[in-house]
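Open the model in your viewer and keep the selection box handy. We'll hop from one spot to the next, and at each stop I'll tell you what to pick and what is there.

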Amino acid sequence: MPICVRCKAQKTSLPKSGAFEGTCENCRNIKHTTRSNSVADDDGVDIDDIGDCPPWAKKLFDEIRSTNSEVKKSQRTVDEFIARLDNLEEKYSHVTKENTTRIERLENEVLVLKSALSNQINFSEQVDRQIRSNNIVVLGVDEHSDLDGANDDVEKFHKIMQEMQVVVPEFSTKRLGLLDNNRRNNRPMLVTLGRRAPLRADILKVSNKLKESTSDKMKKIFVKSDVHPALRKEYGRLHGVVNEEKKKPENAGCNIFFSFKDKVVYRDNEVIDKFNPVF
């Protein structure tokens, strides 16, 4: 006896061709109402009034209804999530704009401060150079003993100028750094020239005459222009490098010296240190 391909019921006869081939009468008589009188699923198939149908069909339509319900719930959840994202984007978009504006304003303020600081540094350097333009620094003047009969720094500077054949009627002196009686090295002497004194450049031009002096103490004295403390510190450091390098046994026989022109320390023809002041 033939079996229905849908409900699996045994029947005396089944259609052997056409749209209902192999289906029984009950399966062929499933009723469908119009869309206006029933609710259809998303594919246009009426699932609210399925009429008389076999159990397997009802189960199938129940699963479709359940699936459609879950899909609709998921869709509502997705729609709500998208709406909340849109609200968040709208809420925080103005915060992002405010932060961007604030960052741009801070960057502009930093540029202004950099410019002001650069101008201040340039101005300070100009003032510093102007103040130092009337100063000279005398190195190698013993502060613990006399200089060819001169005892204090004023008399010693007069002696030095006499040796250089320069008359300086107005000046003031002071020693740079703290006094330490245990130090072997003498502190530099800072001399500020008065209004009636010769130009600093004129004094520096004839400072080489001290090397030609008959006095051993005078030959050890150097007259230099006053420079920024950072420069003076760096010159002192490099002179210290020269002295330390000369003491090393491996440098025996080497010519180690500081070149004012190149501002480097040489060991023979090799550069071993460079002038690098830190302001």
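## Stop one: the largest pocket

The lining of the largest pocket is made up of 17 nonpolar, 10 polar and 11 charged residues. Here Ala, Val, Leu, Ile, Met, Phe, Trp, Tyr, Cys and Pro are counted as nonpolar, Asp, Glu, Lys and Arg as charged, and the others, Gly among them, as polar.

Before you click further, a word on what you're looking at: this is a predicted model, where local features need pLDDT of at least 70 and side-chain atom pairs count only at pLDDT 80 or more, while totals for chains, interfaces and linings use all residues. Residues are numbered from 1 along each chain as its sequence is written, and side-chain values use heavy atoms, with hydrogens and water left out.

Now select Leu139, Gly140, Phe222, Gly236 and His239: of the 38 lining residues, these are the closest to the centre of the largest pocket. The space there comes to about 1400 Å³. A pocket is an open set of points on a 1 Å grid over the protein atoms alone, where a 1.4 Å probe fits, with protein on both sides within 12 Å along at least five of seven lines; lining residues have an atom within 4 Å of a point. Its volume is the space filled by probe spheres set on the points, with grid points joined across faces, edges and corners.

Which elements build the wall? Strand S1 (135-139), strand S4 (222-225), H6 and S5 each give at least two lining residues, and H6 has the largest share, with 8 residues. Helices (H or I, at least four residues) and strands (E, at least two) are DSSP runs, numbered from the N terminus.

## Stop two: the rings

Select Tyr235, Phe258, Phe260 and Phe275, which make up one aromatic cluster. Rings of Phe, Tyr and Trp (its six-membered ring) pair if their centres lie within 6.5 Å; planes under 30 degrees apart count as stacked, over 60 as edge-to-face and the rest as tilted. The model has 6 aromatic pairs by this rule.

Why is the pair of tyrosine 235 and phenylalanine 258 edge-to-face? The ring centres are 6.0 Å apart and the planes sit at 75 degrees, so the pair earns that label. It links distant parts of the chain: tyrosine 235 is in helix H6 (residues 229-247) and phenylalanine 258 in strand S5 (residues 256-259), 23 residues apart.

Phenylalanine 258 is buried, at 11% relative accessibility. Buried means under 20% relative accessible area, exposed over 50%, and partly exposed in between (1.4 Å probe, protein chains only).

Add lysine 224 to the selection: it lies over the face of phenylalanine 260, at 4.9 Å from the ring centre. A charge sits over a ring if NZ of Lys or CZ of Arg is within 6 Å of the ring centre and within 35 degrees of the ring normal.

## Stop three: phenylalanine 257

Still in strand S5, pick phenylalanine 257. With 31% relative accessibility, phenylalanine 257 is partly exposed. Leaving aside neighbours within four places in sequence, phenylalanine 257 is in contact (heavy atoms within 4.5 Å) with Val242, Val264, Val265, Tyr266 and Asp268. Try a C-alpha to C-alpha distance to arginine 267: the two are 10 residues apart in sequence and 6.9 Å apart in space.

## Stop four: two aspartates

Asp268 deserves its own click. Aspartate 268 is in the loop between strand S6 (264-267) and strand S7 (270-274), and is partly exposed at 39%. Its phi is near 60 degrees, a positive value in a residue other than glycine. Most residues other than glycine have a negative phi.

Then jump to aspartate 148, in the loop between S1 and helix H3 (153-164). Its phi is near 50 degrees, again positive.

## Last stop: the second largest pocket

Select Ser124, Glu125, Asp128, Arg129 and His228, which lie nearest the centre of the second largest pocket among its 12 lining residues. The volume of this pocket is about 230 Å³. Helix H2 (residues 55-132) supplies the largest share of its lining, 6 residues. By type, the lining has 3 nonpolar, 3 polar and 6 charged residues.
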